[in-house]
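Here are my notes for you, written as numbered points. Keep the structure open while you read, and find each residue as it comes up.

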Amino acid sequence: MTRDKKDLDFHTIYHGLHENIFSELHMPDSLHVATAGGLEWLSKVPTKVKEEGWNKGKAWIEGADQQVVRAYAEQAEEDLLNFLKYRKNEIKIGGSLFMMIGGRPSWSKNQLGDNDKDSSLKHPFTSYMDRALQLLVDQDVLDVKKRDGFNIRVYLRSTEEVKAAIDRCGGFQIEKMVNLKIADNMNATPMTWIADPSLYGKKRAELAEDAAGQFITDRFGADMKNKLFERYAEVAEADTTLLDKPCFFHMIAVSVTRI
């Protein structure tokens, strides 16, 4: 969306896939309202994970070793604190910041809930993604070292982690924070997927591409991205055990006032 200077002085939208939101973007005290989405996307893959080659064979951190999850949690804490510090400087006293952040249940140690195996398996970044990448490796389309060095830089926070960052930053008062459990939009038509597994595979691949397609294009290029989601659709289509299983995800909605 294109905005002129006058509009930017009133209202700005941030999105987490763009690394520059974790830095200064506007003049001090220049905004009345700001909204932010996608803050589950980190500014970078944690240095330890990248340099030590942790998490090989996995695209994301669900089910990863605890050292990998801790590294992501530390990076997420640093990123959210930086985001809030810069927004604190840009938003006028009495102004508002609204955030939508990919989350997880407060009691959950895992990214997708400790007791929801179906949601974990059907999440765009988990088993289907790993198996699609492995197919590319097995078919000599993707180098194994490139696959092993690939990590989706997303961390799903708890409400406690979000509150801790806001408190640590200071300068904001929490008006409302809720953890929303949201149904996957494919839950409503299970009989359609049972009748047509091929369509199910294509739709799950589309959801995954919507979530991470640009990130994967930036990492591997458009051609490899297309090949990956073709394999993704094949993997999802073949997994008939999950066709009619509902899955859910969590979003944390936060409203704060600059004080």
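**Notes on spaces, helices and rings**

1. Let's begin with the enclosed space: the largest cavity has a volume of about 50 Å³. Keep in mind that you are looking at a predicted model. Searching the whole structure for cavities of 30 Å³ or more turns up 1.

2. So who sits around that cavity? Its lining is made by Lys-122, Met-186, Asn-187, Pro-190, Trp-193, Tyr-200, Arg-204, Leu-243, Asp-244, Lys-245 and Pro-246. Two elements, α8 (190-195) and α9 (197-220), give two or more residues each to this lining. Sorted by class, you get 6 nonpolar, 1 polar and 4 charged residues around the largest cavity.

3. Now for the open spaces. The largest pocket holds about 760 Å³ of space. It is lined by 33 residues, and the ones closest to its centre are His-123, Pro-124, Phe-249, His-250 and Met-251. Try colouring β3 (91-103), α4 (117-122), α9 and β5 (248-258), since each of these supplies at least two residues of the lining. The class count for the largest pocket is 15 nonpolar, 10 polar and 8 charged.

4. Next comes the second largest pocket, at about 410 Å³. Which residues are closest to its centre? They are Val-45, Lys-50, Gly-149, Asn-151 and Arg-219, out of 20 that line the second largest pocket. Here α2 (47-52), α6 (144-148) and α9 each bring at least two lining residues. The lining of this pocket has 6 nonpolar, 5 polar and 9 charged residues. You'll have noticed α9 again: it helps line the largest cavity, the largest pocket and the second largest pocket.

5. Stay with α9 and look at how it meets α10 (residues 222-238). Their axes come within 8 Å and cross at roughly 150°. Angles over 145 degrees count as roughly antiparallel, and α9 and α10 are therefore roughly antiparallel to each other. The crossing of α9 past α10 is right-handed. In the contact of α9 with α10 there are 13 nonpolar, 4 polar and 5 charged residues.

6. α10 has another partner to check. α5 (127-138) packs with α10 at an angle of about 120°, and the two axes are 8 Å apart. How are α5 and α10 set to each other, then? That angle makes them oblique, because it lies outside the ranges for parallel, perpendicular and antiparallel. α5 passes α10 in a right-handed crossing.

7. One more helix pair: α3 (66-90) and α7 (residues 159-169) have axes that come within 9 Å and cross at roughly 45°. This pair is therefore oblique too, and the crossing of α3 and α7 is right-handed.

8. Last, the rings. How many aromatic pairs does the structure hold? There are 8. One of them is Trp-60 with Phe-125, an edge-to-face pair with 5.6 Å from centre to centre and 80° between the planes. Trp-60 is in the loop between α2 and α3, while Phe-125 is in the loop between α4 and α5, so this pair ties together parts that lie 65 residues apart in sequence. If you want to see how such a pair is described, it takes the distance of the centres and the angle of the planes.

Technical notes
Residues numbered from 1 in each chain as written. Predicted model: local features only at pLDDT ≥ 70, side-chain atom pairs only at ≥ 80, totals over all residues. Heavy atoms only, no water. 1 Å grid on protein atoms, 1.4 Å probe; cavity = no way out; pocket = protein on both sides within 12 Å on 5 of 7 lines; lining within 4 Å. Points joined across faces, edges and corners; volume = space filled by probe spheres on them. Helix = DSSP H or I, 4+ residues; strand = E, 2+ residues; numbered from the N terminus. Nonpolar A, V, L, I, M, F, W, Y, C, P; charged D, E, K, R; others polar. Axes fitted to C-alpha atoms, helices over the stretch in contact; angles between N-to-C directions. Parallel < 35°, antiparallel > 145°, perpendicular 65-115°, else oblique. Left-handed = near helix turned anticlockwise from the far one by under 90°. Phe/Tyr/Trp six-rings, centres within 6.5 Å; stacked < 30°, edge-to-face > 60°.
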